[in-house]
Every structure is written in structure tokens, then in C-alpha cells.
Amino acid sequence: MGFDLRQVVAGILTITMFVMLIHMIKRDHFDSIQDNKFPGSTEDVAYENVRIDTTHVRKNIGLWKGDADELKPCWVKPSGDEVEQTEGFVTFSLTNGPEYHISQIADAVLVARSLGATLVVPDIRGSQPGDKRNFEDIYDIDVFTKSMEGVVKVVKDLPSHVTTKTIAAVKVPNRVTEDYIARHVEPIYRSKGNVRLATYFPSINMRKSGKKGDTDSIACLAMYGSLELQPEMHDVVDSMVERLRTLSRKSDGQFIAVDLRVEMLNKKGCQGNDGSEGEKSCFNAQEIAVFLRKIGIDKDTTIYVTQSRWDDSLDSLKDLFPKTYTKESIMPADKKAKFLDSQDSELENVIDFYISTESDVFVPAISGLFYANVAGKRIGGGKTQILVPAEISTSSASASSFLSPYISKKNHFAYSCYC
């Protein structure tokens, strides 16, 4: 029997192409950890002993899905007729970033309503002395004042006849109760006529209370129905989120936000254990990278990190996830002078907070109020994919095992506000 030379050549080509395809699949699915090393990385050696099972990368199909049913606000706006209006004023400032603003607003509204006082629109104070801005520089003042109609009376500024001598400084704990206000704030208010509030945080407690009442409804409204970004800030956040989705074509426009700030990691005690259970309170970039790969996150996934500007310590994260970005690489060029190059940490924190509420998955590398209040905003938006990192001793694990207890146990205060 004779052989057709063309058939023989075609057979050889077919086998060659098949072998090449096998090598491509092996490289993409099993050798991906070795890909995309950056020159000068100091973390390469550390990865040699890390075993990661990448065969299940596509199994976490539910990773990107939040609640099947969208939640709706279920708080009842209280009537203004229930409280007798008094002549005094409650003033306060928003401080320390948007994660604190949400809680500070709620406490101030609760105090003003309990006292029947007029609430003065707060200014916003940064971390540096003299760093002060108007409320409307970040938030939509019309949305805020409208949301308070029938709850408390709001004015933009103190009347000229009210002097600092007639304003008493009062500290209140976060999630202040009516009983605390009656015992510790009202006597001072009756005596001085006006109070200036400062909220302190004895603990980070955003779990829902055992019973619902008017104070919960007021807190829900203040936390989740009164603060919206002013138009320019809103547009900047939207444009950055859109940019991240454009960079995420291989994952259907989905991206992960990681709250990882080097300056926080470097603080004393941050790398230690948090509480009696021995759980870590912070994770560095290398630990986050290994965690994400072990729970099956694909190497082509786009990751946004809240660190303001690139730090060398982030190289270990980018080694495993080349599409890792900070603000400086995705912010519109015409906005950098105002929102990035000005070294204004307050504006940068606001951007980080709201991008973290919009991402498809949120990973808090740092435990604290940022995590807690981002979680609350995400619950209201149905974006419940919040994964709390951990040290995984095996080569792989299911992402669902690391779902935030706020979500898995539905014990976040936001679940008192949405149903």
C-alpha cells in the first residue's frame, strides 16, 4: 500500500499542534505562579515553598455573586411631631475619613433629635492641623438636608449670636443610646444651651442590636440614606470603577478591591494577634497574594489596592496578579492634580472607601472600621462578597469558607436597615 505524502505531513502537523496546545494549557493552569516575575522583586524566594492547587481556579463560580435578592430599605422615617423643638444647637465635625463619617453622622443625628435641637451641617477635618474643608466639598449637601426633613431641623451655619462660650464640648460613644444621652448629654445641653459633639470609639461594633426601635430607624437613615458624594467626587469614583472594569475583560468586567495600606501595616501591633482567638488583624501583600491564589482567584483578575501610591512591598502581590493597581495608575489624568497630587489624604480615603463599596469582591487586609462600614454599604447594595483573609495551611480552599461573618451570620447592623 502506498502512502500519500500530503497525508503524512498533515498528520505530523496535527500532532505537533496538539502537543503545543497541551503545553499552553499546562503553562496557563499549573505554571502560572512562576509567570510575570518583576525585576528586582525581593519576594521570589519566599514563593518557592508555597504549594497552590490551581486546578480548581474556575470552580468558584459563585465567587462573584452577592445576594440573589436585592435588599430594600425597611426603616421607617420618624415623624418630627414626636419631639419638642428646643432653642439650642448641636455642632460637630466629620473626622478621620469616610468610614468614621458614617458613624459620626448617625450619632449626631440621634443626639440632636433626642434633645429637640437644631443640627448644624458639619465641617470636615483632616488629620493635619488646619486641614479643614466644607461639607459640600465631599458630600451632596442637598441630599443630606432633604434626608433630614421631619427628623431633625438642619441649618448650614450657626447663627451669629451663638458664641463658643455658650457651646459645651461633649464626648459620646459610637452608637450612643437614648439612655446615655438622657443621663450624660441632656443635663449639659439644658445648662449651656448648645453642645459640640465628639464621637469616640470604645470598640468597633457594627453588629445589629437585639431589638429594633426608633433609634435604629434614625441610625439607619443617617448612615445609609443621608450621605452621597457631591457630583465631581461621584464622577471621579465612577470613572475609576469603569476603568477597572475595562481592565477586567477576561473576568467579565469584575474586579476585587483590597484594603491594604502600608502605613497601617507598619503601625505597632498591627501584625500581632487580634483578640483572644489568636486571629491576625492584618495581612501584608505577600500574604494576601497567597490567600487569593489558594482560594482560586485567577491570575488575570484585576485587583485594586487602597494604598495611595505604589510601594515596593506590593510587588509580591503583583507577581501573582499582574493586573494590580493603585489610584495613581487608574485615576483620570485631569483629576490627579486635585485628588492625588495635592497629597490630600482625606479625598484619597473617600475614593478608596467608595471604590471598595462598588467592587465585585472586597478583601479587608486590615481589620477595623473601614472594613465594618464598607460592609454595611455593600449589604445595602447587595454586594455581599466580602472575603476575610486567613492563613491557609493546605494547598487550596473554598472561597466560601472565608465569607465575612457579617454576611454569613447576617449580624451586621445594616441587616436591621435592609430587608
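**Exercise 1. Classify K338 as buried, partly exposed or exposed, then describe its salt bridge.**

Step 1. K338 has a relative accessible area of 43%. Buried means under 20%, exposed over 50%, and partly exposed lies in between (1.4 Å probe, protein chains only). K338 is therefore partly exposed.

Step 2. This is a predicted model, where local features need pLDDT of at least 70 and side-chain atom pairs count only at pLDDT 80 or more, while totals for chains, interfaces and linings use all residues. Residues are numbered from 1 along each chain as its sequence is written, and side-chain values use heavy atoms, with hydrogens and water left out.

Step 3. Now find the partner. The side chain of K338 meets that of E232 in a salt bridge, 2.7 Å from N to O. A salt bridge needs a side-chain nitrogen of Lys or Arg within 4 Å of a carboxyl oxygen of Asp or Glu.

Step 4. Locate both ends. E232 sits in helix α6 (residues 231-246) and K338 in helix α11 (residues 336-339), so the pair links distant parts of the chain, 106 residues apart. Helices (H or I, at least four residues) and strands (E, at least two) are DSSP runs, numbered from the N terminus.

Step 5. Check the partner's exposure. E232 has a relative accessible area of 26%, which makes it partly exposed.

**Exercise 2. Describe the salt bridge between R183 and D179.**

Step 1. Their side chains meet at 3.0 Å, N to O.

Step 2. Both residues lie in helix α4 (residues 178-192). They are four residues apart, about one turn of the helix.

Step 3. R183 is exposed, at 54% relative accessibility. D179 is partly exposed, at 46%.

**Exercise 3. Is E348, the partner of R309, buried or exposed?**

Step 1. R309 and E348 form a salt bridge, with the closest N and O atoms 3.4 Å apart.

Step 2. E348 has a relative accessible area of 4%, so this residue is buried. R309 is partly exposed, at 24%.

Step 3. Count for the whole structure: a search finds 13 salt bridges.

**Exercise 4. Which strands stand at the edges of the four-stranded sheet?**

Step 1. Write the order: β12-β11-β8-β13, an open sheet with parallel pairing. Two strands pair if DSSP finds at least two bridges between them.

Step 2. β12 (324-325) and β13 (361-364) are the edge strands. Each has a single partner strand, so one side of each lacks a neighbour in the sheet.

Step 3. Test one pairing. Two bridges join β11 to β12. In β12, T324 is the bridge partner of I303.
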